[in-house]
Structure formats: C-alpha cells, structure tokens
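Visitor: Please take one part of this model and look at it closely for me, moving outward from there, and give the cut-offs behind each term as you use it.

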Amino acid sequence: MSKDFITQDDCYLFGKGTHYEIYNKLGAHLVTKNGRKGVYFAVWAPHAVNVSVIGEFNDWIGFDHNMEMNNESGIWELFVPDVKEGCAYKYVISTGDGRTLYKSDPYGFYSEVRPDTASRVFNIDKYNWKDHDWIAKKSRENHYEQPMSIYECHLGSWKKDYQGPDDEDGFYDYKRLAKDLVAYVKKMGYTHVELMGISEHPYDGSWGYQVTGYYAPTSRYGSPDEFMYLVDAFHQNDIAVILDWVPAHFPRDAHGLAMFDGEPLYEYADTRLGEHPDWGTKVFDYSKTEVSNFLIANALFWVEKYHIDGLRVDAVASMLYLDYGRDDGQWVANEYGENKNLDAIEFFKHLSSIMNYRNPRAYVIAEESTAWPSVTKDPKDGGLGFSYKWNMGWMHDFLEYTKLDPLFKKGAHNKMTFGLTYCFSENFILVLSHDEVVHLKCSMYNKMPGYEADKFKNLKTAYMFMFGHPGRKLLFMGQEFAQLQEWSEKRSLDWHLLEEPEHKDMQEFVHRLLEMYKKYPALHTETKGYGAFEWINADDNERSIFSFIRKTTEADNKNSVGFVFNFTPMERSDYVVGVPKAGTYKRILSTENDTQVVKYKAKEGECDGRPYRLEIPLKPFEAVAFEFPKVTKKSK
C-alpha cells in the first residue's frame, strides 16, 4: 500500500459527498504495509478527542492502539500489523465532555452474531462469482419491458429447522437457503425475490428495519461470502434479487450510529428533525455531505459488490415530509415555510441519478405511501428518479373491497375501479406485503368473508384481479398457499398446510397465475400506458362483476388477454361479455379447478358497446382469463 492509504483526494471527495467507493477506504481493510500484513482501520468521528481500536488482537484493552486524525477531515486512521481476517474489533471514542463510547464500525463488512455487537474484519473481494452471464443479460435488457413478479421473503421465518437444544433460532443459513429457497421461488415461477432485513440489525423484532451495520449482511445466517453465494444462486436460476434498504432512520443502540462521536453526527442535531417520535429512532441528516455519501455509497455497494439487482427504499414518505408522524410544535418548516424536506429530495435525486449512471441494470423502488408527485419521473423533469413505486393506494382500496361481505360489495364498486384512473401515472408495483398480514390485520385468507370454501374462492379471484391489473406484482411469503396465521418473525410459515387439498390447490393456482403473467406480454409490458388497457365493463356494480382487456398496444388485439371477475357467491350462467372482433376465444385460466380447454365462439350482437359477444357462464366467485383469436391472413 502507499504511504497514505487515505489520500487528500479521498478526503476532498468525501467532504463533497461524491466518494462513491468510500467503503474501500473507511472501515477495516486487510493490507500489507512495509512488508507486514495487517489491517488498516479508518473511521469518521470529527467531534472526538481521541479514537482507538480494541479487539481480539489486543485483548480488548483500550488506548493501546490510538488512531490519528487525517488533517481536518474528521477521519481517524491506524494500521495495526498482524490482525487477521475474522478478528472482532470496536472503536473506543473519547468525547469532549469526558465520556468513553464503544462503537461498532459504520463501514464494517461483517458483525458478531447478536446479542454481541462488535464488527469483524472481512475481505469481501475474494468470492468467485459465477453470474457473469446474468449480469451481462440484465445490462442489455429494458426491465420495464420484462415481467416482474416478486416473492417478498423474511429469511429467518421462511422455514425453521431446530438442530438441537443449543439452537434457539432454527435459522436456515445462506447456503441452505441457496438450495431450498432458490428452488422454491424458481418452481413457483416468480421472477424476483425481495429479501427483508439483510443489513445487520440488533433486534429480530425490527425485521431488519432498524439497522446498525449498513455494510454488513446479517451474521444470523452466515458470512458475507455465503450471502454472495445465495445471490449468485438466485442469478444462476434466472431470479433477480431486491434488498430492503433503510436510509430513513436508525436505532439508538449504544454501539450504533446514534451520537456516534458524542455529538449528533449521522443524525440532525435538532431533535424536531433528527428523531421520529413514533418510532423512537434517529433521522439521518441528509444536509451533511458525508452522511449523504455514507448512504449513497452504501446503495451502490450492494449493487456493485453483492450484485444486487434492486433496492426497495423503506419509509420514503417519512423522509420527504418534515411533519411525518409529528404533531404541531414537533417539526420545523423548511426555508419556504413548507413541510417538504429539501435535503431528502436532493438526496433522492442524487441517489437515483448516480445509480442509473453507474448501474443502469439496477432499479430503486420507493415505498411511498402518499400522493407525492413524480416519484418515478426523471430528476431532469422534476421527479425523484425512482424506478418504481409501491402502489399503496391501490392496495388499501383492493383490501377494503375484497374483505367486504358480498352483499355490500356493490356499494364499494369504485374501490376496484378508481386505481385505473392513475395506474400509469407512476411505474407502480402492486403489493400485498408483510405489513398487511401482521399486528391483528389477519392473514390474506382470513381477510376474506364467508365460509371456508368461499374464502379460498374469493382469494383466488382477488389474486387474479391483481395479476390482470396494470402494475408489477408482489406477494409476501405464505400468501401463495393461503397461510392461516398472521406472520410472525418468531416462527416458520405453516408449510404443513400444503398437506391439505385446499391449500395445495391455492399454491398451484398462484403458480399458474405467475406462469400466465410471464407468458403473455400484454400482462407485463408497462410502457404503453392506457393504450394497453381497456375496460369492457367497469359499471356492473349490481352484480359486482368487472371485465377488462390487457393489450401490448392500443391497436393490438391479436395478443390481448381478457378478464372477467365475479366477486359474489351468485352463479351467473347467462353472463355475456362484449368483445371487439369475431373469432374463437380460448380460456387460459379459471379460478375453478377446471383445467379443460374451453373455447368461446364470438357471436354477432352488440354487448358492452362492442359488436360481438361471448357467452361465459360464471360460477360463484369465479374469475376467467381468455386470450384473443390469433390474426391470420384468412381472417384478415
């Protein structure tokens, strides 16, 4: 290594907020200096009076290895010879008011398994990736034209396997997940997996949304190399990986980022800006270039070092609004007297721009729960630059409607039609996430009204409506086989339910939905806007029936797919639906177990404002998807 591991250029770029690989300099790095192997430690702590390193290499004795500050950058650094990979360490920070703090490394690549909190030295550059073809393919593709069906998964509770009396958690490790989870997601037909809670976090009950180690995949399930192995396995099986990412807030844990050097450093100093009253957490100070750099480099880190395909940004609304979760007197307006967090807005524009420039194959997804405009528009056009936005409004309306007793559905018909008035205003993902099946909200199955058989039928029809509706798709684990219990991070999904025919049938139906979604471009091409969607009948509220067409383009009927949904337990044996052309239409999927080939011959006669009609008898709670006739020279 050179004489100065951290150069003046490093300090300058970090101070400007544009050192996009700062993690290669800050943290703990295995190097050779003057012929001796060891570790170079570096940490940003500008308010500290002194910083030293303690760890297994010096029997955790403080002040034996004091660091030096690199000019006025606030970065302290020290080379310690003979420290080896895997060694646990912490920083000892002496504050201006005489306190001594013991902190884990904000840039550490690996951590001890909780409840222990020290960082561990790790070389993340030695893994031999085998997903080169995947990366090359995805770099050429336009992901907006590709299917996106996401399996949201919490690794610690997907499945558990207790190996003995000393195994309190029953966690599958990354290697076992690379075998079992990858195989399951592939067999089901999902195109993407979204992993909750990968960045290191101290408390299981936070599900990974209160992070202390932003650069470390959690050690609960194994080492960084083993997490790379899991990502690699997904890619080799043609499955993209999305990580939940949390730049909105961080916990107060003593070993973490809070009051890192004795003063507010990563958080805003004013508690009206720097704390979330409802969550009891700290808020990042996005006005500080070094803090912005920490987060943006971290986003790039997961994509460039761990080959992650996308980041789902948690709690975006809490970042955008200064008064989010705060009462009068608990927040501070911006310079224009508004409730917009201008620092966070610039942060998002910076993040999306640099991600798109350096990694155009990757995407950044906003969990944004309000009507903030232009979330997925280019920053050049006044947008935030996200690739996709979770459609929370659609989700709430959809659940409100589907959980109603059929008798009252006709009065809430607009709940299912309103989403189509704005469905192309952003690049939306339709989500039925973990948040909807916890904290007494019931499982998806138990949200459905009626007797047991009705619940299964209603849920199937609801899922088909979701897969026919414009927008990418996300289902949380367990929803695909009608999990009965609410989700809890403390226990495994109830896989034994698959021994019961109704739950096995639900799983197989979702598999068929996923395969249909991938097969027909009309269902996953989202760039044509309203030209690719057409209502057949949006107004049949008396019978609670909906019908529409999905197309690849406005003029294209040969590749179109039609849908009809009956949301009541009433049989409609005389149901007819209008279609635009003559020919034979073929049923491709029904919520009934009937897998026979069924064809519908179009008959002349106006229906739903169209010149032809199909007779499609509907059973109670039945939904049907049908493909349009193929155009031939003769039919032209």
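Guide: Glu 604 stands opposite Tyr 612 in β29, and Tyr 612 is also the bridge partner of Val 579. The model is a predicted one, in which local features need pLDDT of at least 70 and side-chain atom pairs count only at pLDDT 80 or more, while totals for chains, interfaces and linings use all residues. Residues are numbered from 1 along each chain as its sequence is written, and side-chain values use heavy atoms, with hydrogens and water left out.

The strands around Tyr 612 are DSSP runs (E, at least two residues; helices are H or I, at least four), numbered from the N terminus, and two of them pair if DSSP finds at least two bridges between them. Between β28 and β29 there are 3 bridges, and these strands run antiparallel; they make a hairpin with 2 residues in between, where Asp 608 in the turn has a positive phi of about 55 degrees. On the other pairing, β25 and β29 (residues 610-615) are joined in the antiparallel sense by 4 bridges, one of them setting Gly 578 against Arg 613.

Taken together, these 3 strands form an open antiparallel sheet in the order β25-β29-β28. Its edges are β25 (576-579) and β28 (603-607), each of which has a single partner strand, so one side of each is left without a neighbour in the sheet. Direction ignored, neighbouring strands here are turned by 55 degrees against each other on average; axes are lines fitted to C-alpha atoms, for helices over the stretch in contact, and angles between N-to-C directions run from 0 to 180 degrees.

A further open sheet has 6 strands, antiparallel in pairing and ordered β22-β23-β24-β30-β26-β27. Here β22 (533-540) and β27 (599-601) are the edge strands, and each has a single partner strand, so one side of each lacks a neighbour in the sheet. The average turn between neighbouring strands of this sheet, direction ignored, is 20 degrees. At one end of the order, β26 (residues 584-590) pairs with β27 in the antiparallel sense through 3 bridges, and Lys 586 stands opposite Lys 599 in β27. Helix α15 (residues 501-519) packs on this sheet, where it touches β24 (561-566), β26 and β30 (623-627), and its direction makes about 135 degrees with that of β26; contact means heavy atoms within 4.5 Å.

From the strands one can turn to the nonpolar cores, each a set of buried Ala, Val, Leu, Ile, Met, Phe, Trp, Tyr and Cys residues joined through side-chain atoms within 4.5 Å, where buried means under 20% relative accessible area (1.4 Å probe, protein chains only), exposed over 50% and partly exposed in between. The largest core has 191 residues, and those with the most contacts inside it are Tyr 151, Trp 158, Tyr 214, Phe 227 and Tyr 266. Helix α7 gives the largest share of this core, 10 residues. Leaving aside residues up to four places away in sequence, Tyr 214 touches several residues, including Pro 106, Ser 199, Trp 245, His 249, Phe 284, Phe 294 and Trp 302. Apart from this core lies another, of 17 residues, among them Ile 536, Val 564, Val 577 and Phe 626.
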